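Reader: I should like to learn how a protein model is read, one step at a time. Please show me the structure before we begin.

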Amino acid sequence: MALGDRATDSDRFAPPAPWPRGPDAWLPTLALRAMHSQIEGWPRAVFEEDAWQPPIPGAPLFVMAPDAVRAVLHDDAENFPQGALFRRMMRPAWGEGMLIAQGQDWRAQRQAASPAFRPAEMAKLAPFFVRAAESTTQRWATAAQPTVDIEQEMRRLTFDIILETMLSGAADFDRAAMSARIGRLFAQISEIRLSYFLAPDRFHDGRPSPRTPDRLQLLQDVGAMIARRRGAPPQGDLVDLLMKARDPQTDAALSDSLLADNLLGFIIAGHETTALTLTWALYLLAAHAPTLQRVRDEVSAVAGDDAIAPEHVAQLVYTRQVISEVMRLYPAGFMLTRVAQNATTLAGRPVAAGQRVNIPVYAIHRRADAFPDPHSFAPDRFAPDRPAPDRFAYIPFGAGPRICLGAAFASAEMVTVLAALIRRVEFTPPPVEAVWPIAKLSIVPRGGLPMQVRALSKS
């Protein structure tokens with residue numbers, strides 16, 4: 001297929017993923033499925049209707065209509081904070097950092113950190129992204145076995161990128177030990193408790209967070225690094241930017257404890273979600289030859305055989321479309337939750353004060369009224385000459401005031417890494433029946449994603 005040609009509908013395929021294919025199961029059966037993987041417990045209504053509520057008193061209201069999503073995340077965001085359950089789950093990763101901070105505390109931290117993530121600066125990081133990708137392909141080329149777990153490999157690659165770009169190489173840390181601790185912490189946070197589904201939000205207020213023994217050591221390591229950097233020459237990374245940051249209202253600097261909380265949160269969130277998107281992207285390209293060839297043709301046309309440079313990132317238009325479509329099909333943040341502070345209505349449904357509101361991003365991204373043939377992999381949905389989806393029907397990074405601060409960083413990283421890997425390596429995917437996404441804290445491939453890798457000639 002020549003560069004610029006479009007894949008036809010017949011070239012599309014529906015990758016493995018759950019969605020209602022027949023009559024809904026009995027509600028208790030759906031609940032049991034949700035304990036294993038939340039997206040498998042959602043009935044047809046969540047994929048097709050504007051709102052849905054389980055027939056249980058006090059149950060969360062699921063809202064899917066773009067106008068209702070806009071109200072919760074943007075227009076009336078002050079009335080819909082994240083709630084006690086969210087803070088209970090995420091405190092081990094973020095402490096009192098900006099992801100779970102509220103009110104003026106959140107605004108001060110957000111405004112202080114924003115300069116570190118200006119979109120115009122993100123493409124300049126392409127050399128860091130390329131070096132990490134090339135180091136990965138070189139390691140694969142010399143590996144004794146041709147099969148690797150792509151999920152674990154992408155976690156390792158994106159972890160290295162975070163340390164290089166945000167912490168100037170993180171010379172203060174034992175990378176292997178730090179990575180292992182973060183992996184264990186994330187697994188502990190991801191464990192689902194029955195009370196997460198059944199108890200009202202107020203039940204979680206003040207209750208202990210999941211036990212995460214590794215957090216203390218991680219904070220001690222980050223804190224020691226901050227103490228050393230206070231008297232060291234600046235290195236121009238995220239640490240320096242956050243240490244210089246000031247609250248625009250009070251001119252106060254972030255305390256060392258808030259610096260540590262936010263840095264640890266950025267490290268965890270900044271590589272986990274990106275790694276999973278790249279994992280699914282590599283699987284989809286390996287499983288769909290027409291799209292793979294178009295990406296390779298584009299990379300060749302844009303960069304030739306030169307290293308991908310900052311000026312190339314914006315020109316990798318189709319590669320970015322692939323990333324956009326991967327985030328539609330397998331959004332790392334598959335559900336957002338908020339809690340109504342005051343009684344209101346959403347999508348014509350009453351919402352009581354204190355009631356949880358769920359925004360099922362995975363299902364919203366698979367609505368046929370917004371995305372025809374919604375379960376098929378079709379990157380041309382995001383072509384520049386196609387109408388953009390409603391900004392509240394496609395929300396891989398969230399929306400409104402709390403939209404992901406690192407969205408531009410992640411986008412530039414994913415486009416660059418995908419292009420750098422796909423031009424150098426041939427990937428052989430596992431059989432389609434061996435691949436299945438499950439939703440824990442993010443959407444992950446069940447049992448990992450082993451694929452055979454083979455280096456391609458540079459000629």
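**Reading a predicted model**

Author: Let us begin with one loop: Ala347 is found between strand E5 (344-346) and strand E6 (349-351). Please keep in mind that the model is predicted.

Reader: Is Ala347 buried, partly exposed or exposed?

Author: A residue counts as buried under 20% relative accessible area and as exposed over 50%, with partly exposed in between. Ala347 has a relative accessible area of 39%, so the class that applies is partly exposed.

Reader: What is the phi of Ala347?

Author: Most residues other than glycine have a negative phi. Ala347 is not a glycine, yet its phi is positive, at about 50°.

Reader: Which residue in the loop between H17 and H18 has a positive phi near 50°?

Author: The loop lies between helix H17 (361-364) and helix H18 (407-422). The residue in question is partly exposed, at 40% relative accessibility. It is not a glycine, and its name is Asp373.

Reader: Ile403 also lies in the loop between H17 and H18. Which residues is it in contact with, leaving aside neighbours within four places in sequence?

Author: Ile403 is partly exposed, because its relative accessible area of 34% falls in the middle class. In space, Ile403 is 8.8 Å from Leu73, C-alpha to C-alpha, although 330 residues separate them in sequence. Beyond its neighbours within four places, the contacts of Ile403 are Arg110, Phe397 and Gly398.

Reader: Arg110 belongs to helix H5. Which helices do the buried residues of H5 pack against?

Author: Helix H5 covers residues 103-113, and its buried residues are Trp106, Ala108, Gln109, Arg110, Ala112 and Ala113. The partners of these buried residues are helix H12 (238-244) and helix H13 (256-287).

Reader: At what angle do helices H14 and H16 pack?

Author: Two packed helices are described by the angle between their axes and the distance between the axes. For H14 (residues 289-303) and H16 (residues 317-329), the axes are 8 Å apart and the angle is about 140°.

Reader: How do the residues of that contact divide into nonpolar, polar and charged?

Author: On the side of H14 the contact is made by Thr291, Arg294, Val295, Glu298 and Val299, and on the side of H16 by Val317, Tyr318, Thr319 and Val322. By class, these residues divide into 5 nonpolar, 2 polar and 2 charged.

Reader: Which strands stand at the edges of the sheet that contains E3, E11 and E8?

Author: The sheet is open, with 3 strands in the order E3-E11-E8 and antiparallel pairing. Each edge strand has a single partner strand, so one side of it is left without a neighbour in the sheet; the edge strands are E3 (147-149) and E8 (425-428).

Reader: Which residue of E11 is the bridge partner of Glu426?

Author: Strands of a sheet pair through backbone hydrogen bonds, either parallel or antiparallel. E8 pairs with E11 (residues 450-455) in the antiparallel sense over 4 bridges. The bridge partner of Glu426 in E11 is Arg454.

Reader: Which helix lies across E3, E8 and E11?

Author: The twist of the sheet averages 40° from one strand to the next. The helix across the three strands covers residues 150-166 and runs at about 65° to E3; its name is H8.

Reader: What radius of gyration does the whole chain have?

Author: The chain comes to 18 helices and 11 strands, and buried residues make up 54% of its 459 residues. A compact globule with 459 residues would have a radius of gyration near 23 Å; the chain agrees with this, because its own value is 22 Å.

Definitions and conventions:
Residues are numbered from 1 along each chain as its sequence is written. This is a predicted model: local features need pLDDT of at least 70, side-chain atom pairs count only at pLDDT 80 or more; totals for chains, interfaces and linings use all residues. Side-chain values use heavy atoms; hydrogens and water are left out. Axes are lines fitted to C-alpha atoms, for helices over the stretch in contact, and angles run from 0 to 180 degrees between N-to-C directions. Helices (H or I, at least four residues) and strands (E, at least two) are DSSP runs, numbered from the N terminus. Contact means heavy atoms within 4.5 Å. Ala, Val, Leu, Ile, Met, Phe, Trp, Tyr, Cys and Pro count as nonpolar, Asp, Glu, Lys and Arg as charged, and the others, Gly among them, as polar. Two strands pair if DSSP finds at least two bridges between them. Buried means under 20% relative accessible area, exposed over 50%, partly exposed in between (1.4 Å probe, protein chains only). The radius of gyration is taken over C-alpha atoms; the globule rule is 2.2 Å times the number of residues to the power 0.38.
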